[in-house]
Amino acid sequence: MSSISFLQQVDRMFEKAAAHTSHPEGLLKQIRTCNSMYKMEFPLKKDDGSIEVIQAWRSEHSQHKLPTKGGIRFADNVNEDEVAALATLMTYKCAIVDVPFGGAKGGIKINRKNYSEAEIERITRRYTFELVSKNFIGPGIDVPAPDYGTGPKEMAWIVDTYRSLTNDPLTAAACVTGKPVTLGGVRGRTEATGLGTFFGIREACSVEEDMTKIGLKTGLADKRVVVQGLGNVGYHAAKFMQEGGSTIVGLAEYEGAIHNPDGLDVEEVMAHRKATGSILNFPGATNILDSSKALELPCEILIPAALESVITGENAGRIQAKIIGEAANGPVTADADAILLKMGVMILPDVYLNAGGVTVSYFEWLKNLSHVRFGRMSKRFEQASNERIVRAMAGAVGIDLVDSEMAKVTAGADEIDLVKSGLEETMAGAYTEIREIAIRVGTDLRTAAFINAIDKVAVSYMELGIFP
Ligand code: NAD
């Protein structure tokens with residue numbers, strides 16, 4: 001384990017990048033500082049009638065743009081330092097992908113396996129009550145989302161509680177993202193972080209010059225992949241990497257890991273886990289009882305998608321992957337980062353790579369404020385104009401298209417198509433920006449991403465007239 005805290009690690013990365021900028025010291029300090037931290041302790045009446053005190057936090061790192069935005073995690077090891085570090089990363093992440101929000105993060109210190117569904121609901125609703133009462137939630141203030149240990153169900157409880165406590169009928173749905181589609185969620189949010197991870201890795205693997213440097217060919221087809229964590233992010237990242245042509249050779253969960261150099265089918269492994277309660281003993285695969293050892297398996301791409309600080313100064317030297325795609329937040333410690341860079345490993349940093357979730361959350365927030373489903377106004381119009389073009393071209397070359405073929409080639413974009421295309425464009429555009437900075441400054445991708453974030457947040461502060 002690294003001796004410095006998660007927040008200190010993030011700040012260390014910030015300082016490394018800040019040294020390449022020429023912003024005044026005071027402005028850099030303001031960008032780095034975590035503006036607000038609300039620590040709460042509240043009682044939970046358990047199903048057996050006993051009372052337990054629950055600890056929780058919400059941190060708003062920067063209000064240079066509003067609302068602030070960031071997930072809520074339910075984990076038994078969550079603490080104030082971690083929440084502040086994750087809120088800080090959110091500020092930089094939003095800047096990198098041009099999402100006009102400040103950074104925030106929430107955490108509730110519980111292991112959800114120890115609580116009934118009804119208890120989890122009471123905890124989530126009480127947490128929301130605390131946020132409302134201290135003005136730490138609202139469509140223009142601070143907008144939570146899912147993170148480790150939370151999903152659409154918790155987001156539904158949050159919006160319902162917020163609605164019942166506030167007089168905000170027009171914009172209330174935008175107080176939280178990652179909601180079920182029936183409650184104002186957007187199609188594509190569930191898989192957004194995993195899909196964004198895939199788009200980012202695919203983009204990096206498409207640059208011949210960079211791939212040649214690490215001894216790889218372009219494309220995903222000849223890449224062996226190991227994924228740690230099969231939750232929302234890890235499962236979707238693994239699924240899209242497999243669909244993109246890579247071979248998934250290792251999968252790790254908290255109960256252990258499995259390895260098969262010939263490939264693992266992600267859906268079959270998930271079905272096996274559902275049926276048996278574990279990924280272990282999957283037909284054809286070798287069990288690895290110490291799950292963390294999966295990180296050291298031979299592969300081209302390693303995707304840590306569980307929790308922070310899993311690659312440290314202790315195990316970094318044994319990593320065999322040429323590319324590390326940080327789907328989780330903070331999976332590589334600052335010590336490990338230095339070792340891996342010396343080893344020539346390409347690290348696609350969390351502040352960029354897992355920004356798919358907040359990007360699509362931004363689309364959901366826009367949808368909630370506009371009260372219109374994406375594609376509703378344009379789908380039929382696009383279809384009709386595509387049809388006119390195709391009919392004219394088919395007529396000119398003497399082809400007779402049947403109706404079913406015509407429908408396929410002329411279909412207008414629906415909400416899911418627009419969300420995915422917006423996400424793809426965002427991830428590709430942000431990668432180009434970061435890569436260009438890395439080349440110009442002569443640094444690694446993480447430092448380049450931080451430089452990009454610092455410059456963008458600095459401009460926002462200047463626009464606010466705070467640092468003329
Ligand atoms: P999740 O709760 O859906 O999944 C996490 C998975 O990791 C679980 O299946 C859990 O069993 C597994 N896990 C826990 N400890 C493990 C260990 N030691 N080894 C292997 N597996 C382990 O959470 P998630 O939403 O997928 O988030 C995962 C990471 O991605 C977190 O770091 C989170 O901050 C980050 N992230 C999530 C989102 C999002 O949209 N959900 C967005 C950005 C970043």
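This section describes the ligand site, the two sheets and two backbone features of a predicted model.

The ligand is surrounded by 22 residues. The closest are Arg-73, Asp-147, Thr-193, Glu-253 and Asn-329. Three of these place polar side-chain atoms beside ligand oxygens. For Asp-147, a polar side-chain atom lies 2.7 Å from an oxygen atom of the ligand. Thr-193 likewise has a polar side-chain atom 2.7 Å from a ligand oxygen. For Asn-329, an N or O atom of the side chain is 2.8 Å from an oxygen atom of the ligand. Taken alone, the ligand exposes 820 Å². The protein buries 85% of that area.

The shell around the ligand is mixed in character. Nine of its residues are nonpolar, nine are polar and four are charged. Helix 8 (232-243) supplies at least two of the shell residues, and so does strand 7 (247-253). Glu-253, one of the closest residues, is the last position in the range of strand 7 (247-253). Both domain 1 (36-186) and domain 2 (192-356) give residues to this shell, so the ligand lies between them.

Two open sheets were found. Strands of a sheet pair through backbone hydrogen bonds, in either the parallel or the antiparallel sense. One sheet holds five strands in the order 1-2-4-3-5, with mixed pairing. Strand 1 (36-45) and strand 5 (142-146) stand at its edges. Each has a single partner strand, so one side of each is left without a neighbour in the sheet. From one strand to the next, the twist averages 20 degrees. Strand 3 (residues 68-74) and strand 5 are parallel and are paired over five bridges. Within this pair, Gly-71 stands opposite Ala-145 of strand 5. Arg-73, among the residues closest to the ligand, falls within the range of strand 3 (residues 68-74).

The other open sheet has seven strands. Their order is 9-8-7-6-10-11-12, and the pairing is again mixed. Strand 9 (286-288) and strand 12 (346-348) form the edges, and each pairs on one side only. Neighbouring strands of this sheet are turned against each other by 20 degrees on average, direction ignored. Strand 7 and strand 8 (residues 256-259) run antiparallel and are joined by four bridges. One residue pairing across them links Ala-252 to Ala-257, its bridge partner in strand 8. Strand 7 thus appears in two settings: it is paired with strand 8, and it contributes to the shell around the ligand.

Two loop residues have notable backbone geometry. The peptide bond from Leu-66 to Pro-67 is cis, with omega near 5 degrees. Pro-67 sits in the loop between strand 2 (51-60) and strand 3. Ser-309 is not a glycine, yet its phi is positive, at about 55 degrees. Ser-309 is found in the loop between strand 10 (301-304) and strand 11 (323-325). Strands 10 and 11 are both members of the sheet of seven strands.

Note on methods: Residues numbered from 1 in each chain as written. Predicted model: local features only at pLDDT ≥ 70, side-chain atom pairs only at ≥ 80, totals over all residues. Heavy atoms only, no water. Near = heavy atom within 4 Å. Polar contact = N/O pair within 3.5 Å; in protein donor to acceptor, adjacent residues only side chain to side chain. Areas by Shrake-Rupley, 256 points an atom, 1.4 Å probe, with all protein chains shown as cover. Nonpolar A, V, L, I, M, F, W, Y, C, P; charged D, E, K, R; others polar. Domains from an automatic or database assignment. Pairing = 2+ DSSP bridges. Axes fitted to C-alpha atoms, helices over the stretch in contact; angles between N-to-C directions.
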